[in-house]
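Colleague: Before we discuss this chain, please show me the model and state the terms as you use them.

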Amino acid sequence: MNATEIMRSIEAGQMKEAVPQFHVGDTVKVYGKIIEGNRERIQVFEGIVLKRQGSSNRETFTVRKLSNGIGVEKTWPLHSPNVEKVEVIRRGKVRRAKLNYLRGRVGKRAKVKELVK
């Protein structure tokens, strides 16, 4: 057994079984665990998925929301135990993999069209 096979077996043990199906441009709710002292609670972060990158257990996704008129971005590891669940609110219709252009936009210009099937 070489080093890459050992790495794959370790990474396979760290991955979640059920990963939700969401894409770039979707509006999602991320339920993240927050530990404050000895208490643990779940905080919801709702926004548009700007990008997904990486693969296997290193995959991450970035979510952007507007909070009091200020853009807030947070990058979440997809297979982290601190991410309780990811809930898709709306499907977005986009034609690119990374939505970095949304960072410079505010209001209606920052919207993504909804995908209607």
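Modeller: Helices (H or I, at least four residues) and strands (E, at least two) are DSSP runs, numbered from the N terminus. This is a predicted model, in which local features need pLDDT of at least 70 and side-chain atom pairs count only at pLDDT 80 or more, while totals for chains, interfaces and linings use all residues. Residues are numbered from 1 along each chain as its sequence is written, and side-chain values use heavy atoms, with hydrogens and water left out.

Colleague: In what order do the elements of the protein chain run from the N terminus on?

Modeller: The protein chain has one helix and five strands. Read from the N terminus, the order is α-β-β-β-β-β.

Colleague: Is Glu59 buried or exposed?

Modeller: Buried means under 20% relative accessible area, exposed over 50%, and partly exposed in between (1.4 Å probe, protein chains only). Glu59 has 15% relative accessibility. Glu59 is therefore classed as buried.

Colleague: Which residue forms a salt bridge with Glu59?

Modeller: A salt bridge is a side-chain nitrogen of Lys or Arg within 4 Å of a carboxyl oxygen of Asp or Glu. The closest N and O atoms of the pair are 2.7 Å apart. The partner, partly exposed at a relative accessible area of 24%, is Arg52.

Colleague: In the salt bridge of Glu73 and Arg64, what is the N to O distance?

Modeller: Glu73 is partly exposed, at 30% relative accessibility, whereas Arg64 is buried, at 17%. Their side chains meet with an N to O distance of 3.0 Å.
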